[in-house]
Amino acid sequence: MNLRKHPIAVKLYAILFLVTAVTITLSVVAVLNSRSHEMLSDSFDAASRSTESLFQIRDAVYAVTLESQDAFAAPNAALANVAARRIKDNNDQLGRLVSEWQSEAGDTDAAERSKLIVRIGEFRNLISDLAGIIQRSGGDAASAWAERNGVLRQAINLRRTLKEAGNSELDRAHGFYAA
């Protein structure tokens, strides 16, 4: 098509049509990019929340462990009972943190998360039993029971696993923007 033969109005309409086509194309690309960015941001936020939750759970396991050490070292039954109450409170807090983590965690690594939740549940049951023994029999009996049942070893291993899972989530979060 030879534009020299056409009036100026047709030429302007052709230019406006091309500008409109380019504008629409750029708008579509911008919308697609914004949706992609939104999904990326949502994934990053979910991984970041999961990381934070895992580290809070790890800290709660540590708090339970410290309180149990206080109970073992308590010079009398009254102080051991105070420590047992704090153990129960920290164990309840641990349960709340796990519930929050479950509710906000995405679909990634569901099998691994389930295994970890089972391990935390077993640990919480062990700690609940430990608190009961402290209240019934005192710190020395609880210390012996904890030694026989490997409570401290389980706490250390659980904290290590939680740290590894948290670091894995952190790496996943960083990976969203690395590409």
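Is Arg-86 buried, partly exposed or exposed, and what is its relative accessibility? In this predicted model, Arg-86 has a relative accessibility of 33% and therefore counts as partly exposed. The side chain of Arg-86 forms a salt bridge with that of Glu-67, with a distance of 2.6 Å from N to O. This pair links distant parts of the chain, since Arg-86 belongs to helix 2 (residues 77-104) and Glu-67 to helix 1, 19 residues apart. Glu-67 counts as buried, because its relative accessibility is 14%, and the limit for a buried residue is under 20%.

A salt bridge also joins the side chains of Arg-86 and Asp-70, at 3.5 Å from N to O. Arg-86 is in helix 2 and Asp-70 is in helix 1, so this pair ties together parts of the chain that lie 16 residues apart in sequence. With a relative accessibility of 42%, Asp-70 counts as partly exposed. Glu-67, Asp-70 and Arg-86 are thus linked in a network of salt bridges. The count of salt bridges in the model comes to five.

Another of the salt bridges is formed by the side chains of Glu-112 and Lys-115, at 3.7 Å from N to O. Both residues lie in helix 3, and they are three residues apart, about one turn of the helix. An α-helix has 3.6 residues a turn, so residues three or four places apart point the same way. Lys-115 is exposed, because its relative accessible area is 52% and the exposed class begins over 50%.

Helix 3 comprises residues 110-137, a run of 28 residues. At 1.5 Å a residue this helix should span 40 Å, and the C-alpha atoms at its ends are 40 Å apart, which agrees. The buried residues of helix 3 are Arg-113, Leu-116, Ile-117, Ile-120, Phe-123, Leu-126, Ile-127, Leu-130, Ala-131, Gly-132, Ile-133 and Ile-134. After helix 3 comes Gly-138, which has a positive phi, near 100 degrees.

Two of the buried residues of helix 3 were examined through their contacts. Leu-116, which lies in helix 3, has a relative accessible area of 6% and is therefore buried. Apart from neighbours within four places in sequence, Leu-116 is in contact with Leu-54, Trp-101, Leu-158, Thr-161, Leu-162 and Ala-165. One of these partners, Leu-162, is 46 residues from Leu-116 in sequence, while the C-alpha atoms of the two are 8.1 Å apart in space.

Leu-126 is likewise found in helix 3, and Leu-126 is buried, with a relative accessible area of 14%. Once neighbours within four places in sequence are set aside, the contacts of Leu-126 are with Trp-145, Asn-149, Val-151 and Gln-154. Between Leu-126 and Asn-149 the separation is 23 residues in sequence and 8.6 Å in space, from C-alpha to C-alpha.

Buried polar residues occur in the other helices as well. Asn-91 is found in helix 2, and with a relative accessible area of 6% Asn-91 is buried. Leaving out neighbours within four places in sequence, Asn-91 is in contact with Val-64, Arg-124, Ile-127 and Ser-128. Of these partners, Ile-127 is also listed among the buried residues of helix 3.

In helix 1, Thr-51 is buried, with a relative accessible area of 5%. Thr-51 touches Gly-166, Glu-169 and Leu-170, not counting residues up to four places away in sequence. A polar atom of the Thr-51 side chain lies 3.2 Å from the backbone nitrogen of Leu-170.

Helix 1 (residues 8-73) also contains Leu-12. Leu-12 is partly exposed, with a relative accessible area of 48%. Together with Ile-8, Ile-15 and Val-19, Leu-12 forms a nonpolar patch on the surface. The accessible area of these residues together is about 400 Å².

Methods:
Residues are numbered from 1 along each chain as its sequence is written. This is a predicted model: local features need pLDDT of at least 70, side-chain atom pairs count only at pLDDT 80 or more; totals for chains, interfaces and linings use all residues. Side-chain values use heavy atoms; hydrogens and water are left out. Patches are made of residues with over 30% relative accessible area and no salt bridge: like charges are joined within 9 Å, nonpolar side chains (Val, Leu, Ile, Met, Phe, Trp, Tyr) within 5 Å. Accessible areas come from the Shrake-Rupley method with a 1.4 Å probe; for residues, only the protein chains shown count as cover. A salt bridge is a side-chain nitrogen of Lys or Arg within 4 Å of a carboxyl oxygen of Asp or Glu. Helices (H or I, at least four residues) and strands (E, at least two) are DSSP runs, numbered from the N terminus. Buried means under 20% relative accessible area, exposed over 50%, partly exposed in between (1.4 Å probe, protein chains only). The expected span of a helix is 1.5 Å times one less than its number of residues. A polar contact is a pair of N or O atoms within 3.5 Å; within protein, one must be able to donate a hydrogen and the other to accept it, and residues adjacent in sequence count only if both atoms are side-chain atoms. Contact means heavy atoms within 4.5 Å.
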